[in-house]
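Biologist: Please take one helix of this model and go through it closely, with its buried side and what lies against that side. Then set it beside the rest of the chain, and say first how far the model can be trusted.

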Amino acid sequence: MHVVIGGYGRVGRYLAHMLEKQGHTVSAIDHDPGAFEEIGEISGQKLVGPVYDRGTLVAAGIERAGCFAAVTAGDNSNIVSARIAKETFGVANVVARIYDPRRAELYREMGIRTVSSVEWAASRILRIIGDEGQLSEYQFGEGEVEMLELEIPARAVEKRVADVETPGEIRIVAIVREHAATVPAPGERFRPGDRVYAAVASGSVDKFRALLGIKEVRR
C-alpha cells in the first residue's frame, strides 16, 4: 500500500520507517526542509511544502494512496489536509493526529479517524493512578469493550484462565510470561509475574477485578 504522510517530525519519521519495514511505500511532506535532515533516511519521496497543498499531495502520490496520515504539530493543518485527502482525492483510510481532544468528535463525524495524544496520555495516567497498574490498552466500538492489561495479582496465582472468564463478558486473550506471549487454554494456570490481556465488556470490569481478587472497584 502507498501511504502519504503529512508532517515529518518525530511521529512522521517513526511512522515512515515502520511502514517501510512492513513493505509499504511512503511519501512524506513537510514545510520545513530541515525536517528531512536525518540519519537513516527512508527510501520514499520527501517533499517540501504545505501538507494541504493539492499540487504537493499529487506529487506525493495521493491519487494512488491507500492511506493518508496527517501528523504535523498543528491541528488545523492536520484536519485541513485530512479533509482534502478524503473529500478531494477519495483516500479510503485517513487519520489525523490532534492535540485538542474536544475536536475529536467533530472530526469523527466527518469520517476522519483521529488520534489524540493528550487524551490518550491523560487517560493512561489516570488508569495507572486509579487502578493499581491496570491499563486500558484499547477500546472497541464506542467503548463497549475494553482490552485490559495487568500483572496477575498474588491472589490470582494458580487460578485457571477459566476461573476468571465469563462468556459474553470476559475473555483472556493472551498471557505474556518471561517475554513470550501465548493464547492460553481454559485450563492454563496463572503464574507470578504473568501479564494478562483481557477483552472485557465495559460493564464487567469490576467483575473481572473481583474474580482476580483485586480490591475495590473502579469509579
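Modeller: pLDDT is the predictor's own confidence in each residue, on a scale from 0 to 100. The model is a predicted one, and its average pLDDT is 86, with 87% of the residues scoring at least 70. Confidence is highest in helix α2 (residues 54-59), at a mean of 96, and lowest in helix α5 (residues 117-130), at 64.

The helix to look at is α7, which runs over residues 205-212. Four of its residues are buried: Val205, Phe208, Arg209 and Leu212. These four lie on the same side of α7, because they cover an arc of only 100 degrees around the axis. The spacing of such residues follows a general rule. An α-helix has 3.6 residues a turn, so residues three or four places apart point the same way.

Next comes what lies over that side. The cover of the buried residues of α7 includes three strands, β8 (145-151), β9 (170-177) and β11 (195-201), together with the helix α6 (161-164). Just after α7, Gly213 has a positive phi of about 80 degrees.

Phe208 also has a place in a wider grouping. The largest nonpolar core has 22 residues, and Val4, Ile29, Leu57, Ile62, Phe68, Val91 and Val94 are those with the most contacts inside it. Two or more residues of this core come from each of β4 (67-70), α3 (75-88), β5 (93-98) and α4 (104-109). The most come from α3, which gives 4. Phe208 belongs to a second, separate core of 17 residues, which also includes Leu148, Ile170 and Val196.

For the rest of the chain, one glycine is worth a look. Gly61 sits in the loop between α2 and β4. A residue counts as buried under 20% relative accessible area, so Gly61, at 8%, is buried. Leaving out residues up to four places away in sequence, Gly61 touches His2 and Val4. Gly61 and Val26 are 35 residues apart along the chain, and their C-alpha atoms are separated by 9.1 Å.

The last item is open space. The second largest pocket holds about 440 Å³. It is lined by 17 residues, of which Leu15, Ala69, Val71, Val95 and Val115 are the closest to its centre. The elements giving two or more residues to this lining are α1 (10-21), β4, β5, β6 (113-116) and α5. Of these, α5 calls for caution in reading, as the helix where confidence is lowest.

Note on methods
Residues are numbered from 1 along each chain as its sequence is written. This is a predicted model: local features need pLDDT of at least 70, side-chain atom pairs count only at pLDDT 80 or more; totals for chains, interfaces and linings use all residues. Side-chain values use heavy atoms; hydrogens and water are left out. A nonpolar core is a set of buried Ala, Val, Leu, Ile, Met, Phe, Trp, Tyr and Cys residues joined through side-chain atoms within 4.5 Å. Buried means under 20% relative accessible area, exposed over 50%, partly exposed in between (1.4 Å probe, protein chains only). The arc is that of the directions from the helix axis to the C-beta atoms. Contact means heavy atoms within 4.5 Å. On a 1 Å grid over the protein atoms alone, a cavity is a set of points where a 1.4 Å probe fits but cannot get out, and a pocket is an open set with protein on both sides within 12 Å along at least five of seven lines; lining residues have an atom within 4 Å of a point. Grid points are joined across faces, edges and corners, and a volume is the space filled by probe spheres set on the points.
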